[in-house]
Every structure is written in structure tokens, then in C-alpha cells.
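Visitor: I'm new to this one. Could you show me how to read it?
Guide: Sure, let's take a look together.

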Amino acid sequence: MSPGAKPPFTTVGLDHVVLRVRDLERALAFYTGVLDGRVERRSDALGLCQVRLGRSLVDLVPVDGPLGKLGGAPPGETARNLDHFCVRIEPFVVPELRAHLQAHGIEAGEPAPRYGADGSGPSLYIRDPDGNTVELKGPPEPGA
């Protein structure tokens, strides 16, 4: 295949993200309580719990499980899994969002317009219990 040739497929969207976590139950509380995820599939023998967030999955892999041990040091300030991932949410009502996050002890960054898959729209950053940055992104602004 030549360097300029197009691939024989089109990317549809984000399928899943895999996060290595120190405490699976604490991570589940975040992804199913703070966010609106639900456990879709779990394999304790493999060390994997898949949480549905909209059309995508977040796979949680305990660092002390069979899969997690393959990844090296646990996540933290000096051993991060990724920079961040973005979850598209609706509606994006800042006072309600802040109240919900504060009720769960989650600090949120300042909302700002940011560009994403649907165009430019409001977003803010939070951290999950393992220090992973999660961007919560609202709908695109009209004309964006």
C-alpha cells in the first residue's frame, strides 16, 4: 500500500478505553455513581470489568489482576495510563453539574469551550479515583 492510499475503512467512533485501576470497587463507584455508567460485563478471573458509558465502554483492569500485572507500575502521578479521555454528556448545565460533582467530593476545573468530535462546545475536566483525567463535554455550540 502506498503512503498516501486511504485505508479500506472509516472510523466510526471511540469503542472503548482501558484503564488500569488500583481499587476496582472505588473505580466502579466513580464510573457508575458519579458518571452514569453501568456494568455491562465482568470477568474476575481475567481481571476485567467493562462499564458502558453511552455508546462506548470503559474497561477497568485492576493492577493486581492477571491483565493489570502486565502493565507495570500502578497509575499515579509518575505512572499514568493516558493523558485524558472525553465523555460526551447532555445536558451541560454548569450549576447542576457542579452540584452533582461536589456531592461526590469531585473537584471540577473551569468550564471552557473546547473542540471535540462534534465541534466546539463546553467542557470541564475532573479526575477519577486513580488520577485519570476525564473530560466531560457538552453539545456543540450553534454554528461551531
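Guide: A word on naming before we start: helices and strands here are DSSP runs, numbered from the N terminus. Keep in mind that this is a predicted model.

Visitor: How do people find empty space, and which helices and strands each supply at least two residues of the lining of the largest pocket?

Guide: Rolling a probe the size of a water molecule over the atoms shows where empty space is left. Here the largest pocket holds about 1000 Å³ of space. Helix 1 (24-34) and helix 2 (94-103) each give at least two residues to its lining, and so do strand 4 (56-62), strand 5 (84-88), strand 6 (112-116) and strand 8 (133-137).

Visitor: How many residues line the largest pocket, and which lie nearest its centre?

Guide: There are 34 lining residues, with Leu53, Cys86, Val87, Arg88 and Ile89 nearest the centre. By type, the lining splits into 20 nonpolar, eight charged and six polar residues.

Visitor: What about ring pairs: how many aromatic pairs does the structure hold?

Guide: A pair of aromatic rings is described by the distance of the centres and the angle of the planes. This structure has two aromatic pairs. Phenylalanine 30 and tyrosine 31 are edge-to-face, because their ring centres sit 4.8 Å apart with the planes at 80 degrees. Tyrosine 31 and phenylalanine 85 have centres 6.4 Å apart and planes at 20 degrees, so that pair is stacked.

Visitor: Which parts does the pair of tyrosine 31 and phenylalanine 85 tie together?

Guide: Tyrosine 31 is in helix 1 and phenylalanine 85 in strand 5, so the pair joins parts 54 residues apart in sequence.

Visitor: Is tyrosine 31 buried or exposed?

Guide: Tyrosine 31 is buried, at 0% relative accessible area. Phenylalanine 85 is buried too, at 6%.

How values were computed
Residues are numbered from 1 along each chain as its sequence is written. This is a predicted model: local features need pLDDT of at least 70, side-chain atom pairs count only at pLDDT 80 or more; totals for chains, interfaces and linings use all residues. Side-chain values use heavy atoms; hydrogens and water are left out. On a 1 Å grid over the protein atoms alone, a cavity is a set of points where a 1.4 Å probe fits but cannot get out, and a pocket is an open set with protein on both sides within 12 Å along at least five of seven lines; lining residues have an atom within 4 Å of a point. Grid points are joined across faces, edges and corners, and a volume is the space filled by probe spheres set on the points. Helices (H or I, at least four residues) and strands (E, at least two) are DSSP runs, numbered from the N terminus. Ala, Val, Leu, Ile, Met, Phe, Trp, Tyr, Cys and Pro count as nonpolar, Asp, Glu, Lys and Arg as charged, and the others, Gly among them, as polar. Rings of Phe, Tyr and Trp (its six-membered ring) pair if their centres lie within 6.5 Å; planes under 30 degrees apart count as stacked, over 60 as edge-to-face and the rest as tilted. Buried means under 20% relative accessible area, exposed over 50%, partly exposed in between (1.4 Å probe, protein chains only).
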